[in-house]
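Trainee: I've got a new structure open and no plan. Where do we start?

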Amino acid sequence: MTNSDNNSPSPRNIFFNRVLAVLLLVLTLMTARELTAQTPGAKSPSQGGMPQGGMATGPAQEAVFDSRHRPITAGGFVKTGPVVFMNTAERAGLTSWHHTAGTLEKRYILEAKGPGVALLDYDNDGWLDIYFVNGSTFNALDGKEASPQAALFHNNHDGTFTNVAVKAGVTNDRWGYGVVIGDYDNDGWPDIYVSNYGKNRLYHNNHDGTFTDVADKTGVALGGWSTGATFGDYDGDGRLDLFVAGYIRFDLNNLPTNRTVAGGYPSCSYHSNPVMCGPRGLPGEHDHLFHNNGDGTFTDASEKLGVSDPNGYYGLGALFVDVNGDGKPDLIVANDSTPNYLYINKGNGTFEDQSYASGLAVNEDGREVANMGLAAGDYENNGHLDLVSTTFSDDYDVIFRNDGHGNFTDVSFESGIAAPTMPFVGFADGFLDYDNDGWKDLLIVNGHVYPTVDKTEAGTSYAQRPLLFHNLKNGKFELIPAVEGTGLATVSVGRGGAFGDLFNDGKIDVVIANMDQVPVLLRNVNPDHHHWVEMKLVGGPKSPRDAVGAAVYLTAGGIRQRGDVLSGGSYLSSNDMRVHFGLGDATAVDSVEIHWPSGAIERTKVPNLDRIFTMEEGKGITAELCVACVVGKKP
């Protein structure tokens with residue numbers, strides 16, 4: 001990043017941002033009053049009070065059907081077109097595992113959220129494994145039946161996976177929601193944090209294929225209802241800290257049952273149909289930031305740092321990511337049906353709430369939306385990390401374009417994302433260069449929360465297909481058609497999604513965790529022959545060992561790309577931490593510049609293409625992996 005990218009905003013821009021923040025706040029309060037008026041006696045969404053059905057904050061949109069009168073969310077397929085993904089979950093052995101969350105009717109919101117999924121190389125063999133979070137049932141919570149178990153699928157290096165969760169000791173056996181990966185003790189082995197309804201788990205990697213839950217011992221078990229989590233070194237001491245978002249204070253002794261006047265929940269509806277209550281009107285759970293003490297324990301510093309969410313917003317997505325280019329990880333929280341948070345890292349161990357001033361709290365209408373998933377990536381190749389927040393149906397998924405200083409503009413309509421996403425309920429999302437042309441594309445995982453929508457004419461469905469947007473290299477995206485029989489035509493009740501190169505072939509795949517179903521594995525089969533490079537970063541003594549927070553700038557073919565090592569994001573999930581670069585028509589990499597979390601900047605070159613390089617801070621390239629070379633496909 002050039003020095004000009006790091007300059008502070010001018011006084012004029014600061015004044016403008018403050019005026020804009022006030023205007024947005026007024027608009028948001030007006031919106032909250034309008035929403036409250038829809039349910040007599042109810043409080044504003046973030047204050048609790050009488051629950052309201054539906055999570056959308058926008059007005060109802062016209063129903064969209066395809067030529068066979070199927071909702072566009074489960075239809076609109078084409079006979080021919082580009083084949084980008086195939087669902088190979090069954091062939092890979094992933095369909096031996098099944099997610100469960102309460103009942104299929106979804107009477108309570110506790111049954112409708114989750115599950116997350118994570119990609120990690122838990123045994124350090126150079127191949128990504130997969131961790132799936134499972135839910136639970138009310139009978140299991142009461143001890144009347146066995147709890148559903150999470151899955152850890154070991155990568156067999158041949159396109160198949162084997163579930164080793166029991167042997168590894170990571171079955172969770174609690175009502176799980178999210179998962180995030182990070183090497184919190186800098187021993188070179190990835191650890192697993194699982195967020196639950198009830199106590200959370202921190203699975204410490206024992207280096208022998210097994211894990212030990214140390215959440216209570218380390219002080220990060222919490223309780224209540226935790227959702228999105230993210231690791232990041234906010235104070236620059238070389239150790240990963242942990243942020244955990246809270247969703248709802250859900251009381252099993254006072255269930256928010258629809259049309260139970262005695263319980264204070266008279267009527268919750270969506271498109272005039274009775275549905276589960278919440279999140280609106282239910283009390284929100286607070287957020288927690290745990291400081292890593294360096295001795296195997298954490299201290300809750302949430303209130304001290306001003307990130308505890310005293311408003312009780314409904315936190316779902318969370319991500320430590322540097323949005324203003326100063327090398328310090330900032331903190332973003334995607335809040336459901338309430339404004340987003342953006343806490344700017346001041347570089348002295350403290351944060352400043354810039355949610356409204358940055359433009360990230362609400363959309364361009366000044367309206368809070370049902371934020372769920374978070375994607376971060378430089379889709380314009382200008383060195384700035386942009387953000388995408390997925391939302392509820394009757395609303396659009398939001399692209400927040402970053403000016404490089406952490407100020408965001410909603411460009412959803414002009415980018416071409418808004419209109420196609422309105423009928424869908426978006427959850428997981430991620431930037432990925434699926435065709436290795438050097439420009440980041442966008443994939444969104446969808447699935448409704450109300451099974452009863454299948455009985456309505458709302459133009460939406462419970463099970464929905466994913467959406468893939470191709471980057472047109474001019475700030476705009478084009479929706480890739482869903483060809484019958486391919487991965488993009490897979491209809492499921494999608495929630496979590498993790499993005500990464502599962503087969504070490506330079507193609508980014510997507511693993512989708514579904515509600516009450518088996519997983520989906522979108523294997524990338526795009527026929528392009530572009531070159532690529534991937535990098536696994538290893539931090540030095542003053543950086544986190546897994547290099548979370550590092551940024552890599554790669555120049556090739558006249559294009560300067562940015563890739564970041566992030567922990568968390570998407571929806572309650574964790575992606576491949578290796579940075580991936582498609583090279584388009586370039587046949588060589590001109591330069592690589594690594595900005596380490598310690599503040600050190602290293603410039604290097606890669607000697608070959610179509611390989612995965614391990615790069616250690618201060619030592620350069622320490623390993624090189626080329627699977628195709630082993631099987632004789634490449635020199």
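Mentor: With one term. Two strands pair if DSSP finds at least two bridges between them. Keep in mind that this is a predicted model.

Trainee: Okay. Which residue in strand 9 does Asn205 stand opposite?

Mentor: Asn205 stands opposite Phe211. Strand 9 covers residues 211–213, and 3 bridges pair it with strand 8. The pairing is antiparallel.

Trainee: How many residues sit between strand 8 and strand 9?

Mentor: There are 5, and the two strands form a hairpin. Look at His207 in the turn: its phi is positive, about 75°.

Trainee: What is on the other flank? Which residue is the bridge partner of Tyr193 in strand 8?

Mentor: Tyr193 has Leu202 as its bridge partner. Strand 7 spans residues 191–197 and runs antiparallel to strand 8, with 3 bridges joining them. This is a hairpin too, with 3 residues between the strands. Gly198 has a positive phi there, near 105°.

Trainee: Is strand 8 largely enclosed or left open, and why?

Mentor: Strand 8 runs over residues 201–205, and 5 of the 5 are buried, so the rest of the structure largely encloses it. Here, buried means under 20% relative accessible area.

Trainee: Which residues of strand 8 are on which side?

Mentor: Start with a general point. In a regular strand, side chains alternate between the two faces of the sheet. Now the case here: Arg201, Tyr203 and Asn205 are on one side of strand 8, and Leu202 and His204 are on the other. Those residues are all buried, and both faces are covered.

Trainee: New topic. How many of the residues of strand 35 are buried?

Mentor: In strand 35, residues 591–595, the count is 4 of the 5, so this strand is largely enclosed by the rest of the structure as well.

Trainee: Which strands pair with it?

Mentor: Strand 32, residues 551–556, is joined to strand 35 by 5 bridges, and the two run antiparallel. One bridge pairs Thr555 with Ser591. Strand 36, residues 601–604, pairs with strand 35 over 4 bridges, again antiparallel. There, Val592 stands opposite Thr604.

Trainee: Which residue in the turn between strand 35 and strand 36 has a positive phi?

Mentor: Gly599, at about 105°. The hairpin has 5 residues between its strands.

Trainee: Now a sheet. In what order do the 4 strands of the open sheet come?

Mentor: The order is 24-25-26-27, with antiparallel pairing. Strand 24 (426–432) and strand 27 (477–479) are at the edges. Each has a single partner strand, so one side of each is left without a neighbour in the sheet. From one strand to the next, the twist averages 20°.

Trainee: How many bridges join strand 24 to strand 25?

Mentor: The number is 5, and strand 25 covers residues 441–446. Asp429 stands opposite Ile444 in strand 25.

Trainee: Switching again. How many disulfides does the count come to?

Mentor: There are 2. A disulfide is a covalent bond between the sulfur atoms of two cysteines. Cys268 bonds to Cys277, with the sulfur atoms 2.0 Å apart. Cys626 bonds to Cys629, also listed at 2.0 Å from S to S. Counted along the chain, the bonded cysteines give the pattern 1-2, 3-4.

Trainee: Is the disulfide of Cys268 and Cys277 right-handed or left-handed, and why?

Mentor: The torsion about its S-S bond is about 100°, so the disulfide is right-handed. For Cys626 and Cys629 the torsion is about 75°, so that disulfide is right-handed.

Trainee: Are these cysteines buried or exposed?

Mentor: Cys268 and Cys277 are both buried. Cys626 is at 9% relative accessibility, so it counts as buried. Cys629 is at 24%, so it counts as partly exposed.

Trainee: What about the largest nonpolar core? Which residues have the most contacts inside it?

Mentor: Tyr131, Leu152, Leu242, Met535 and Leu537. That core has 55 residues. A second, separate core has 52, including Ala112 and Ile480.

Trainee: Last one: the whole chain. How many helices and strands are there?

Mentor: The chain has 9 helices and 38 strands. Of its 635 residues, 63% are buried. The chain exposes about 22,600 Å², and carbon and sulfur atoms supply 51% of that.

Notes: Residues numbered from 1 in each chain as written. Predicted model: local features only at pLDDT ≥ 70, side-chain atom pairs only at ≥ 80, totals over all residues. Heavy atoms only, no water. Buried < 20%, exposed > 50% of the residue type's maximum accessible area, 1.4 Å probe, protein only. Core = buried A, V, L, I, M, F, W, Y, C linked by side-chain atoms within 4.5 Å. Axes fitted to C-alpha atoms, helices over the stretch in contact; angles between N-to-C directions. Disulfide = S-S within 2.5 Å. Areas by Shrake-Rupley, 256 points an atom, 1.4 Å probe, with all protein chains shown as cover.
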